[in-house]
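Colleague: Could you take me through one spot in this model at close range? I would enjoy hearing about a single residue and its surroundings.

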Amino acid sequence: MSADQHVYWSHTHRTVDVVTDQDCGLPLGTPQGRGFLLHSRLLTNHELSTTS
């Protein structure tokens, strides 16, 4: 992630999961049968106040 992207996304919590092709909705599949699924949410006021 570039510095500009980090600033843009700094108010969010991001989690990357490794999932099977069926769980991430890839219609063509991948050779390994796996994919990535990104979850994100806004940080709470408490989380924002404790980050630097």
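Modeller: Happy to; here is the chain in brief, followed by a close look at Thr12.

This is a predicted model, in which local features need pLDDT of at least 70 and side-chain atom pairs count only at pLDDT 80 or more, while totals for chains, interfaces and linings use all residues. Residues are numbered from 1 along each chain as its sequence is written, and side-chain values use heavy atoms, with hydrogens and water left out.

The chain holds 3 helices and 2 strands, arranged α-β-α-β-α from the N terminus on. These elements are DSSP runs numbered from the N terminus: helices are H or I with at least four residues, strands E with at least two. Of the 52 residues, 12% count as buried, meaning under 20% relative accessible area with a 1.4 Å probe and protein chains only.

Now to Thr12, which lies in strand E1 (residues 12-20). Thr12 has a relative accessible area of 10%, so this residue is buried. Its side chain reaches the backbone oxygen of Trp9 at 2.7 Å. The Thr12 side chain also makes a polar contact with the side chain of Arg14, at 2.8 Å; such a contact is a pair of N or O atoms within 3.5 Å, where within protein one must be able to donate a hydrogen and the other to accept it, and residues adjacent in sequence count only if both atoms are side-chain atoms.

Leaving aside residues up to four places away in sequence, Thr12 touches Arg41, Leu42 and Leu43, a contact being heavy atoms within 4.5 Å.

Methods
Buried means under 20% relative accessible area, exposed over 50%, partly exposed in between (1.4 Å probe, protein chains only).
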